[in-house]
Amino acid sequence: MNSESLRQAMVDQLAADHADKGLMLRPEVEAAMRTVPRELFTPGLPLEEAYENRAVITKRRGEENISSVSAPFLIAEMLGQAADALGGLKGRHVLEVGSGGYNASLLRELVGAAGSVTTIDIDPDVTDRAVECLKAAGYDDVRVVCADAEHPVEAGRRYDLIIVTAGAWDIPPAWREQLTDIGVLVVPLRTFGMTRSWALRRAGGGLVSVSDRQCGFVPVQGDGAYDVQYVDVADGVHLRLDEGQRLDSPGLDGLLETPRQEAWAGVSLPPPTVLADLDMCLATRITDAGQQFVVLTAQDAAISSGVVAPSWRFGTPAVLHEGTLAYRSELRWTGDAFDLGAYAHGPATSAAAEAAQRMVEHMRAWVNAGCPAPVLHVLPAQTPDGDLPAGTAVDKRHSRLVLAFTTEGRES
């Protein structure tokens with residue numbers, strides 16, 4: 001197949017994937033993705049691979065991925081978030097943080113002649129490559145800046161949209177301050193060790209979310225970089241700790257060799273249920289209960305051998321309390337519906353059984369509440385407790401985040 005055929009087939013699949021998730025691929029986003037030749041932003045890659053629905057790693061440092069061309073489905077979802085929040089992107093002025101070139105070219109298509117796109121990255125190799133790729137694709141009117149986006153790009157300049165294509169741990173003041181009064185920030189933000197792409201609008205002195213999507217990105221570099229620690233539980237099984245977290249249960253060796261206890265919520269849910277919302281809710285409920293929320297990750301070999309059976313190997317909600325580990329399990333299907341469960345391990349069988357039961361009680365509460373979606377409030381770090389909205393607060397370097405849950409007013 002040639003480039004044109006592969007591109008059309010890719011977008012056809014994106015539209016179908018959106019529909020399966022209960023989303024709509026916006027017509028203008030679809031048109032842009034049918035126009036821009038992705039292979040020009042993945043030089044050296046075979047044509048067929050350029051149009052696969054996955055991220056293409058463009059730079060590594062040792063074993064760490066530090067730059068990529070994002071997966072088409074995720075690009076389409078985030079552009080859709082931005083367009084939904086702003087009522088369209090035509091004529092808008094956009095700042096992209098994290099420059100691979102492909103997303104910037106799509107944005108240039110979307111904003112049209114009256115709009116503008118500036119893309120910024122801290123790595124000169126990345127920006128040099130973006131300049132070359134954008135020129136080859138005919139988008140040399142995109143402004144490319146090599147600098148640390150933790151700080152303002154240009155004094156006094158403001159943007160209708162700031163879209164971040166690297167995983168952030170916090171929202172620096174510069175991003176909020178560079179937004180216009182109606183501006184929107186779309187950012188993959190790590191909260192409780194889980195990354196979501198949040199579309200955020202101004203709300204008083206802070207920001208509030210209007211939509212979110214599950215996602216994953218290479219981490220930001222520079223002054224906004226953050227540390228992620230992995231603690232081994234067994235061969236191929238790890239607990240991922242967010243910056244500043246410390247385990248309150250030392251001595252995890254052999255924990256998963258203790259008898260597995262399980263509990264089930266006794267619910268029957270349809271496939272469109274957004275389980276990423278459940279995972280975020282579990283994080284808040286476990287934290288509010290005074291227990292330690294962590295994220296369990298596992299390699300394929302550990303799952304296939306039966307050491308663990310997590311809901312998602314790249315990041316499963318878990319709780320570590322008094323030497324017992326509980327985590328959200330794989331789903332249990334009956335026909336076209338599924339039940340939610342938890343598995344737990346610990347030196348005391350009764351304590352592990354109780355831990356699994358507590359976790360499914362949290363799951364059942366979420367289902368009984370109507371499977372509410374998260375709403376994220378972002379306020380300056382100096383905001384007093386009394387001025388925070390209701391919800392679970394998470395303190396970052398520059399911000400105080402508050403997560404609440406609602407079944408009303410969610411944008412899909």
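In this tour, a residue is buried if its relative accessible area is under 20%, exposed if that area is over 50%, and partly exposed in between (1.4 Å probe, protein chains only). Helices (H or I, at least four residues) and strands (E, at least two) are DSSP runs, numbered from the N terminus.

You're looking at a predicted model, where local features need pLDDT of at least 70, side-chain atom pairs count only at pLDDT 80 or more, and totals for chains, interfaces and linings use all residues. Residues are numbered from 1 along each chain as its sequence is written, and side-chain values use heavy atoms, with hydrogens and water left out.

**Stop 1: helix H1**

Select residues 3-20. That's H1, with 18 residues and a reach of 26 Å from the first C-alpha to the last, close to the 26 Å expected at 1.5 Å a residue (the expected span is 1.5 Å times one less than the number of residues).

Now colour Ser3, Leu6, Arg7, Met10, Val11, Leu14 and His18, the buried residues of H1. Look down the helix axis: these buried residues fall within an arc of 130 degrees, so they line one face of H1. (The arc is that of the directions from the helix axis to the C-beta atoms.) On the other side, Ala19 and Asp20 are exposed.

What do the buried residues of H1 pack against? Show helix H2 (27-35), helix H3 (47-50), helix H4 (72-86) and helix H5 (102-111), and you have the answer.

Next, check the two ends. At the N-terminal end, asparagine 2 acts as a cap, with a side-chain oxygen 3.3 Å from the backbone nitrogen of glutamate 4. That's a polar contact: a pair of N or O atoms within 3.5 Å where, within protein, one must be able to donate a hydrogen and the other to accept it, and residues adjacent in sequence count only if both atoms are side-chain atoms. Just after H1, glycine 22 has a positive phi of about 80 degrees.

**Stop 2: a threonine in H6**

Jump to threonine 127, in helix H6 (residues 124-137). Threonine 127 is buried, at 4% relative accessibility. A polar atom of its side chain lies 3.2 Å from the backbone oxygen of proline 124. Leaving out residues up to four places away in sequence, threonine 127 touches Asp121, Val144, Val145 and Cys146, where contact means heavy atoms within 4.5 Å.

**Stop 3: the cysteines**

A disulfide is a covalent bond between the sulfur atoms of two cysteines. Here it is counted as a pair of cysteine sulfur atoms within 2.5 Å. How many disulfides does that rule give? Zero. Select cysteine 133 to see why: its closest cysteine sulfur, in cysteine 146, is 15 Å away, too far for a bond. Cysteine 281 is in no disulfide either, with the nearest cysteine sulfur, that of cysteine 371, 9.7 Å away. Cysteine 133 is buried at 5% relative accessible area, and cysteine 281 is buried at 8%.

**Stop 4: paired rings**

Show the aromatic side chains. The structure holds six aromatic pairs. Rings of Phe, Tyr and Trp (its six-membered ring) pair if their centres lie within 6.5 Å; planes under 30 degrees apart count as stacked, over 60 as edge-to-face and the rest as tilted.

Start with phenylalanine 41 and tyrosine 102: their ring centres are 5.8 Å apart and their planes are at 55 degrees, so this pair is tilted. Phenylalanine 41 sits in the loop between H2 and H3 and tyrosine 102 in helix H5, so the pair ties together parts 61 residues apart in sequence.

Then go to tyrosine 327 and tyrosine 343, an edge-to-face pair with 6.0 Å centre to centre and 90 degrees between the planes. Tyrosine 327 is in strand S15 and tyrosine 343 in strand S18, so this pair joins parts 16 residues apart in sequence. Add Trp264, and you can see the cluster that ring pairs make with Tyr327 and Tyr343.

**Stop 5: histidine 345**

Stay in strand S18 and pick histidine 345. Is histidine 345 buried or exposed? Buried, with a relative accessible area of 2%. Its side chain reaches the backbone oxygen of threonine 258 at 2.9 Å. Beyond its neighbours within four places in sequence, histidine 345 has contacts that include Leu255, Arg260, Tyr327 and Ala352.

**Last stop: helix H10**

Finish with residues 349-368, helix H10, whose end C-alpha atoms are 28 Å apart, in agreement with the 28 Å its 20 residues should span. Its buried residues include Ala352, Met359 and Trp366. Down the axis, the buried residues of H10 fall within an arc of 145 degrees, so they line one face. On the other side, Ser350 and Asn368 are exposed.
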